[in-house]
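Colleague: Could you take one helix of this model and walk me through it closely, in connected prose? I would like to understand which side of it faces inward and what lies against that side.

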Amino acid sequence: MNQDTYRDQLPNVRLQESEQFRRTLLTMLELIESEETSYADRKRAVSTIRDALSLHESKENFGIRLSQLELGVATRSRAVDYAASELESQEEKFAEKLKELMKARAITQTELASRVGCSQPAISQMLKRQCRPQRVTILNLAAALDVEPKTLWPNLNVTDILDTVAAVQEDGEMGAAESDAMRRTLDNPPVKAPARRLPSRKK
Amino acid sequence: MDESPYQLYADMLTEKDRPDLAHLDCGSGKWAEAATEWIQGSDVWESIKNRGTRVWLFRNSRDVVVGYGSLGLTRRKWPPPDGRHANLQIIPMLGLDHHFHGKPADRDWRYSHQVISHLRYEAIDTLTQHLAEKRSTLPLLTLYVHQDNAAAIRLYENFGFVPAPQVKNNDHILMSQKLEVTGP
């Protein structure tokens, strides 16, 4: 993240209005800038700043008003949108980091693919963010580039879950436990819970 | 039901929505972070492209993105092990921005309830269409939820999903429900 740009924009969002408000923002900024801060905590800090700024409509309305929040009354400030877009997804960070490490080590896509045991197009797709690497691929890439896996992907637990979500969508055989569970559900009467199509904004 | 300021609106996710997704933050905890990552990364687009998954973005009346939900089809041999392939409806992923968790207080308009109710409607509608077209589709709606995500399990149970803790996939358990066919 370009911290200077971010900091430069903050005075434009009425930091002078409240000392407490200013202190909160600066604490959050320090968290964002610290090398020690995890990806998730950094994201939280940006979210806190975003909430504080977007809901700080006037001197009288300091802090978050849930009634407004639920209705989405908040407007976004440019400075905070900038910070949020800088912290988009772990996948984006991964692609940037992979590119950076390959450049630093002067490794081509073909060479890396050979070390990792995947195809060059697969590496290309990861770099272009057209597909997410599975956990095992991240571990192989980290080994090939001689870095810690979390250097490439801050939270590997997330990839575990995403791998599972991708796996359950695949066509396949049904195991005995799964088919037993399905049969039991099919033997039950249909569920009477609410089912309502929400209106469209576009229409 | 009367109009409410908490009414959500559902529209299919398109490429044009990408900038709005940058603000979506489903909260902390590994499954909440996975829900954020799924919609912000390439998983959602891969699912749409390769699996035909439908993904809706839910906004409130102020056009703020509250969350998203998805509905896909997978194919399983039914009855196992030698039956023909049948479609099985699955909710691959859904997520609410953390600002809107447990909101509003009025349960009739709770955002999570509106989202699941919408997905149930779409699943019933799909099943009805498939049956009319004589396509082989099981009258079931399924999902996998992390076994430690007690709040989500409770929510799904309130909507009629039955957990099958014996069916595990990487710490995720199967939940399923039988759908009611409403059409001819």
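**A close look at one helix**

Modeller: In this predicted model, helix α9 of chain A spans residues 135–145, and its buried residues are T137(A), I138(A) and L141(A). Viewed down the axis of α9(A), these buried residues fall within an arc of 100°, so they line one face of the helix. The spacing behind such a pattern is general: an α-helix has 3.6 residues a turn, so residues three or four places apart point the same way. On the other side of α9(A), V136(A) and A143(A) are exposed, although both count as nonpolar.

As for what lies against the inward side, the cover over the buried residues of α9(A) includes α6 (90–104), α7 (109–116), α10 (149–152) and α11 (156–169), which also belong to chain A. Just after α9(A), the backbone at D146(A) takes a positive phi of about 60°.

To set the helix in its chain, the secondary structure of chain A comes to 12 helices and 0 strands, and 25% of the 203 residues of chain A count as buried, T137(A), I138(A) and L141(A) of α9(A) being among the buried ones. Among contacts in chain A between residues at least 6 apart in sequence, 55% join residues at least 24 apart.

Key. Residues are numbered from 1 along each chain as its sequence is written. Chains are lettered from A and ligands numbered from 1 in the order in which they are written. This is a predicted model: local features need pLDDT of at least 70, side-chain atom pairs count only at pLDDT 80 or more; totals for chains, interfaces and linings use all residues. A residue is buried if 20 or more other C-beta atoms lie within 10 Å of its own, exposed if 12 or fewer, and partly exposed in between; C-beta atoms are placed from the backbone. Helices (H or I, at least four residues) and strands (E, at least two) are DSSP runs, numbered from the N terminus. The arc is that of the directions from the helix axis to the C-beta atoms. Two residues are in contact if their C-beta atoms, placed from the backbone, lie within 7 Å.
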